[in-house]
Amino acid sequence: MDKKNAMRAGAVAAGTTLMMLLMSSPALALTRDAGDDPGQGLSVMETVGLYVVAPIALFVIITGLVMIFDKSKKNA
């Protein structure tokens with residue numbers, strides 16, 4: 001892939017992302033629906049654990065499993 005195609009792909013991806021962000025309306029999340037029962041919110045530590053620590057841990061576990069069970073020949 002040459003530089004021109006890479007720039008074009010990046011521009012399309014950035015434009016698509018920007019349009020999706022602009023078209024979504026987070027303000028509608030403030031209005032409650034009938035029968036809505038949201039429950040308790042998460043603490044800061046629960047949020048960090050769920051959205052930061054858990055994905056990193058899953059990435060490390062999957063990477064470790066791939067490295068352990070790698071069947072390719074190693075060039076020494």
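1. The accessible surface of this protein comes to about 7400 Å², and carbon and sulfur atoms account for 70% of that area. Please keep in mind that you are looking at a predicted model. Of its 76 residues, 0% count as buried.

2. The fold is easy to list: the protein has two helices and zero strands. Helix H2 covers residues 44–68. With 25 residues, H2 reaches 35 Å from its first C-alpha to its last, close to the 36 Å expected at 1.5 Å a residue.

3. Where does H2 kink? Look at Val-53, where there is a kink of about 35°. The proline Pro-55 follows shortly after this point.

4. Next, have a look at the nonpolar surface patch of about 1000 Å². Its members include Leu-42, Val-44, Tyr-51, Phe-59 and Val-60. Val-53, the site of the kink, also belongs to the patch.

5. Ile-56 is another patch member, and it sits in H2. Is Ile-56 buried or exposed? Ile-56 counts as exposed because its relative accessibility is 51%, and the cut-off for exposed is over 50%.

Methods
Residues numbered from 1 in each chain as written. Predicted model: local features only at pLDDT ≥ 70, side-chain atom pairs only at ≥ 80, totals over all residues. Heavy atoms only, no water. Patch = residues over 30% accessible without salt bridge, like charges linked within 9 Å, V, L, I, M, F, W, Y side chains within 5 Å. Areas by Shrake-Rupley, 256 points an atom, 1.4 Å probe, with all protein chains shown as cover. Salt bridge = Lys/Arg side-chain N within 4 Å of Asp/Glu carboxyl O. Helix = DSSP H or I, 4+ residues; strand = E, 2+ residues; numbered from the N terminus. Buried < 20%, exposed > 50% of the residue type's maximum accessible area, 1.4 Å probe, protein only. Expected span 1.5 Å × (residues − 1). Bend = angle between axes of the 7 residues up to and from the residue.
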